[in-house]
Amino acid sequence: MFGSLKALPADPILGLLAKYREDENPQKIDLGVGVYKNEAGHTAILDCVKAAEKYRNDHEDTKVYIGPTGSPVFNDEMSKLIFGHHKVLIENRARTVSTPGGTGALRVAAEFIKSCKAGATIWVSDPTWANHTGLFEAAGLTVKTYPYYDHENKSLDFDGMLAALKEVSSDDAVLLHACCHNPSGMDLSNEQWQQVVEVTKDVGFLPVVDMAYQGFGVGLDEDAYGLRLMAENVKEMIVCSSCSKNFGLYRERIGGCTIIGESPAAVDVAMSVLLYVIRVIYSMPPAHGAALVETILTSDELRAQWHAELKVMRDRINGNRQLLVDKLIENGVTRDFSFITRQMGMFSFLGITPAQVQQLQDEYSIYMVGSSRMSIAGIANQNVDYLAQSIAKVL
Ligand code: LMR
């Protein structure tokens, strides 16, 4: 049976991590996978997470099955974090389940959409996170793209996006990034979100919002502006969220999938289908990450500590954007890279060719995705001179 298999190439993002780990150059820089790193290049466990782990260690008294929805307390706290004080919660029209990471949330959302309509089409931004397309196709959806990032002008092709969304069929789904667009860092302004919401209402497609970086853009509430506005204005919607980045819980695999329905009764029916989808894929989600998040979010002290630690991460990333642009100028680069400071979150495209990306990797041990997507969190005061000089050389 296995003899017919052909080897697949390594994942464009995760494959880089393996190469970086093998590289023995002491000056190597990892701008590949989207994980936060501190000034020393380390992805440390947050102090609030350490405290929650200690609490869990002392208080956990069973390892019995948790059930397909995961922890009800986590689900409730996540709903509040995502929506704030929102009418969909007051009207009891939202249901959240814990999932194995944001990827797990997206996969069950895709399977759920397939249950609503076999072979449904989902529209994703061009470009989008490298795993979106494979993940949706693996679930049997048809994937199409709408214009999003204008590589030439390093800006949002908003007119192209709106025009394409107006042509989407009412029984299609459209994936939108809540904030910190992966891979471009190019976010919609609040006014642009208002227009996207209007088109969504007019056309009637299903909005699916991926929020993997809440708190990494401007702030926890600000980053959820578009998603909350959308939820106020549509009858049905799906939100896929992740605690990988903002709680630093990457390997614990914890996220959430939220379904909003037209009425409490309708969302209960949807939920029964979602629970079946979960049961036949992985039965039930892991519990550890959810327990940490709920401990943090239900404790005033730990929640305040988390807000402070999240701000440190956000400020460092935003600071790195200006730092890199300044250092490129200092190293004689005349090309305008100021667009990097106008983008948000973990990523930006540097805008160099695949050959230049490869040269940075082969000759300077600088790792970024072939599209020239950089994880800005990998920049630090101690490596930015080398980075800017190396970019100047390949340019
Ligand atoms: C990324 O885009 O680098 C992250 O979301 C990690 C991943 O799984 O790809």
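**Exercises on a predicted model**

P183 is found in the loop between β7 (173-177) and α8 (190-203). The structure is a predicted model, and the exercises below concern its peptide bonds, its backbone angles and its surface.

**Exercise 1.** Determine which peptide bond leads into P183, and describe its geometry.

*Solution.* Begin with the residue pair: the bond runs from N182 to P183. Next, consider omega, which is near 25 degrees; the bond is cis. A cis peptide bond also joins D126 and P127, with omega of about 5 degrees. Finally, place P127 in the chain: this residue lies in the loop between β3 (121-126) and α6 (130-138).

**Exercise 2.** Decide whether S283 and S372 are buried or exposed, and state the sign of phi for each.

*Solution.* First, recall the cut-off: buried means under 20% relative accessible area. S283 has 16% relative accessibility, so this residue counts as buried. S372 has a relative accessible area of 1%, and therefore S372 is buried. Second, examine phi: the value is near 70 degrees for S283 and near 80 degrees for S372. Both values are positive, in residues other than glycine. Third, locate the residues: S283 is in the loop between α10 (264-281) and α11 (288-297), while S372 is in the loop between β12 (366-367) and β13 (373-375).

**Exercise 3.** Identify the residues that make the nonpolar surface patch of about 490 Å², and classify F2 as buried or exposed.

*Solution.* The patch is made by M1, F2 and L5. F2 is found in the segment before α1 (14-22). The cut-off for exposed is over 50% relative accessible area. F2 has 68%, so F2 is exposed.

Methods
Residues are numbered from 1 along each chain as its sequence is written. This is a predicted model: local features need pLDDT of at least 70, side-chain atom pairs count only at pLDDT 80 or more; totals for chains, interfaces and linings use all residues. Side-chain values use heavy atoms; hydrogens and water are left out. Patches are made of residues with over 30% relative accessible area and no salt bridge: like charges are joined within 9 Å, nonpolar side chains (Val, Leu, Ile, Met, Phe, Trp, Tyr) within 5 Å. Accessible areas come from the Shrake-Rupley method with a 1.4 Å probe; for residues, only the protein chains shown count as cover. A salt bridge is a side-chain nitrogen of Lys or Arg within 4 Å of a carboxyl oxygen of Asp or Glu. Helices (H or I, at least four residues) and strands (E, at least two) are DSSP runs, numbered from the N terminus. Buried means under 20% relative accessible area, exposed over 50%, partly exposed in between (1.4 Å probe, protein chains only).
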